[in-house]
Structures are given as structure tokens and as C-alpha cells.
Amino acid sequence: MKLWDERALLSDRHDLASFTCGEPAIDGWLERNCARYLKMGLCALWVCPDASGQILGLFTLSSHMIQADTLSRNQQGGVTGVGHPAILLGQVALHSDLRGKGLGTLLLLEALAQCVEFASGIGARFIVLDALNDALVSYYARFGFRSVPNDPRRMIMPMKTARARLDEALSVPL
């Protein structure tokens, strides 16, 4: 199923002003902070627009480092005392008109695909996200994200798990 025409960095041809996901924390961030974050290089905003440029979904990515002492022994993989390179999946949002239709999975797979593509060129061991609520913790866990010790909403996914999820998704006939 192909809902949007592309996955691309935000540009002048995309209509961010009309995008709303219905989640006040994300809509507020887009309105108040997004432009400044982009200008400062704190994140990159990836959009999934239709042919007219209307944004149907979006996500932000940033470089990140996870301190070894915030990971479980298993998550450390025998590498202790040093940071683990990661990609932070910051904001993830589907247009409010599309919510509740199971399309969030497609958007998350787009984000995972971009992370895997980046990781092959820069080295990143994990994808990190901060779930907005407990329901989203359960949702992201279904895809292979796991909470870090002492912070159940901070979740990580090994890059190898992301690759496996993408391979699984590509093997399912649409």
C-alpha cells in the first residue's frame, strides 16, 4: 500500500502550515519550535506528502548517543563505559484525517527505513524514541522497541531489529 508519493526532507514545496495531527504536544512543537530546531540543526524533518505537497505524515531524526549506564546489560551487548551511537526518532505524526485507520504503521516503517539507511553510512546501533504516553509504549513495543531501565517511556530498538522489521514488512504481499 502506497499512501504518499515520497519520503523527503521538508522543503518549500511542502505545506507544513496546514498539517495537524491532533496531538497538542506535537502540533504545539511544530508551531512554536520546529523552525528554530531546523535552523539550529537540532533535527531533520522528514515528510510524507501526497502529489499536491500536503503532508500526510512526518517524523524528525537527530543524531544521538546513549550512555552505557542507562542500558541493561543485555542492551549494552558487552560494550560498557562508552556511549552507544543512535538515531533519535523525535516527533512522529500522522495527519489527523488519517488517524485510526492503521496507517501509523506505514509511517513508522518509513521512519525505520530512513534510520536504517542512515545507519549504514554513519554507524548507529540503536533507534531511540520517547513515547508520549503509556498506550504508545505498548504500541512501539509491538514493533520491537524496548524500554530502558528506570525510564519506561524512553525506548530503544537495535538497528538489527529495525532491519528485520523492514524485511518482514517487505515480504508481506499488499
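**Exercises on salt bridges and helix burial**

In this predicted model, the side chains of Glu6 and Arg13 are joined by a salt bridge with an N to O distance of 2.7 Å.

**Exercise 1.** Classify Glu6 and Arg13 as buried, partly exposed or exposed.

*Solution.* Begin with the cut-offs, since buried means under 20% relative accessible area and exposed means over 50%, with partly exposed in between. Glu6 has a relative accessible area of 25%, so Glu6 is partly exposed. Arg13, with a relative accessible area of 53%, is therefore exposed.

**Exercise 2.** Determine which parts of the chain are linked by the salt bridge between Glu110 and Arg7, and place this pair in its network.

*Solution.* The side chains of Glu110 and Arg7 meet at 2.7 Å, N to O. Glu110 belongs to helix H4, whereas Arg7 lies in the segment before strand S1 (8-9), so that the pair links distant parts of the chain, 103 residues apart. Arg7 is partly exposed at a relative accessible area of 25%, while Glu110 is among the buried residues of H4. Finally, a network of salt bridges links Arg7 and Glu110 with Glu117.

**Exercise 3.** Compare the span of helix H4 with the expected span, and state what follows the helix.

*Solution.* H4 comprises 19 residues (104-122), and from its first C-alpha to its last it reaches 27 Å, close to the 27 Å expected at 1.5 Å a residue. After H4 comes Gly123, which has a positive phi near 80 degrees.

**Exercise 4.** Identify the elements against which the buried residues of helix H1 pack.

*Solution.* In H1 (residues 24-32), the buried residues are Ile26, Asp27, Gly28, Trp29 and Leu30. The buried residues of H1 pack against helix H2 (34-40) and against strands S3 (55-66) and S4 (84-94).

Technical notes:
Residues numbered from 1 in each chain as written. Predicted model: local features only at pLDDT ≥ 70, side-chain atom pairs only at ≥ 80, totals over all residues. Heavy atoms only, no water. Helix = DSSP H or I, 4+ residues; strand = E, 2+ residues; numbered from the N terminus. Expected span 1.5 Å × (residues − 1). Buried < 20%, exposed > 50% of the residue type's maximum accessible area, 1.4 Å probe, protein only. Contact = heavy atoms within 4.5 Å. Salt bridge = Lys/Arg side-chain N within 4 Å of Asp/Glu carboxyl O.
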